[in-house]
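Biologist: I have a few questions about how you describe this model. Shall we go through them together?

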Amino acid sequence: MTQSAALASPALGGDEQIEIAAKAGLEELTTRLAQARGVEEILRVVRGGARRLVGADGISFVLREGDKCFYADEDAIGPLWKGQRFPLERCISGWAMLHGEAVVIEDVYADDRIPHAAYRATFVQSLVMVPVHADDPVAAIGAYWARPHRPSDQSVEMLKRIANSAAVAMTNVALFSSLHAAREEAVRAKDALILAMAALADTRDNETGDHIRRTQHYVRALAEAARGHGLYQPELNAELIELLYKSAPLHDIGKVGISDAILRKPGKLDAEEFAIMRTHARLGRDAIANAERYFGGTTGFLTIAKEMAYSHHERWDGQGYPEGLAGEAIPLCGRIMAIADVYDALVSDRVYKAAIPHAEAVTVIEAERGRHFDPALVDVFLEISPIFQEINSQFGSPA
Ligand SMILES: [Fe+2]
Ligand SMILES: [Fe+2]
């Protein structure tokens, strides 16, 4: 049945038809308000639908801003007060918000609560104003008519329902944005804690804490380039690269458990000392596994951090530690970190050796293709080694 046929239907009276249409319109508006993710969107939805539903000549949406009313939006036959601010005590929306009550005014010029001067430039002769969130009003919605009359009970009721839906929507928006802010803060705090912990481990055996920052960037550059060549798909995706970048600073966290006598020894370690030094991979993995226990589960981040700490000293030819894994049995994150870690050690001064220039470091890594390092990753490294040099100079290495 078409709309005009429905209107002409003798089965339904005119009032009933209007009521059905109003109910459907209100439902639609309520649904759209429930989905709103910001105050702007709430304003847009109310502006778009309220005037027709209430049967008014104008609608305004007023936000409470401290002791001011801000006429944020409107839809009317003539200009009202959009964009203007008034003291709460000097406008009727302020009265509705301060009292938490709806106001119905048949003739604005016969009511003392109305600032008549502000109304003279407008078409308004009668109005209804309802607070949004009557318990603690954060806004008000006004409906205006160009003739003095008593607005119908249905209009008042409809406006109240719209205000209730707007109140729920505004609460949702506030909750949503505070949740979002809390989540962002938690992520930032986690990143900062990781860097602080990793820097603690790092400053014990390096002149500066920059090693972790540099390896983090090398790892990402190498992983992105490898992905660009279609290597290790689908494992090496954007999500894994982000996890590699974030967990890289923890690769040597196990060094916290190694004594200064070994970490800072200005010369080669003897066999016994080297055996102790090698335990840092296991210590690191165990520390992160402990963090998982505190956390009561695992995350992609902790899994990668743990694997990387444990496997970054494995060698492609199986001669590394702690497991002596070979080839692709070594986790990808460990194979990537191995190149980043060795490159940075080569181009940096350490207590036991002087830095070598970038070009020499590249030659050393190339010579270890298929021995220490994953050959496919070495090929990518050779292609992008200028990026490694750039990162190295950017993060203050004495290369
Ligand atoms: Fe290490
Ligand atoms: Fe390292």
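Biologist: Happy to start with a helix: which strands does helix H4 (residues 92-99) lie across?

Modeller: H4 lies across E1, E2, E3, E4, E5 and E6, running at about 40 degrees to E5. Angles run from 0 to 180 degrees between N-to-C directions, with axes fitted to C-alpha atoms, for helices over the stretch in contact. Contact means that C-beta atoms, placed from the backbone, lie within 7 Å. Helices (H or I, at least four residues) and strands (E, at least two) are DSSP runs, numbered from the N terminus. As for the source, this is a predicted model, where local features need pLDDT of at least 70 and side-chain atom pairs count only at pLDDT 80 or more, while totals for chains, interfaces and linings use all residues. Residues are numbered from 1 along each chain as its sequence is written, and chains are lettered from A and ligands numbered from 1 in the order in which they are written.

Biologist: What makes E4 and strand E5 (residues 126-132) a pair?

Modeller: Pairing takes at least two DSSP bridges, and these strands have 3, in the antiparallel sense; therefore they count as paired. Ile105 has Leu127 in E5 as its bridge partner.

Biologist: Why is one side of strand E3 (85-87) and of strand E4 (103-105) left without a neighbour in the sheet?

Modeller: Each stands at an edge with a single partner strand, so one side stays free of a neighbour in the sheet. The order in this open sheet is E3-E2-E1-E6-E5-E4.

Biologist: Which residues of helix H14 (residues 358-367) are buried?

Modeller: They are Ala361, Val362 and Ile365; buried means 20 or more other C-beta atoms within 10 Å of a residue's own, exposed 12 or fewer, and partly exposed in between.

Terms used. Contact = placed C-beta atoms within 7 Å.
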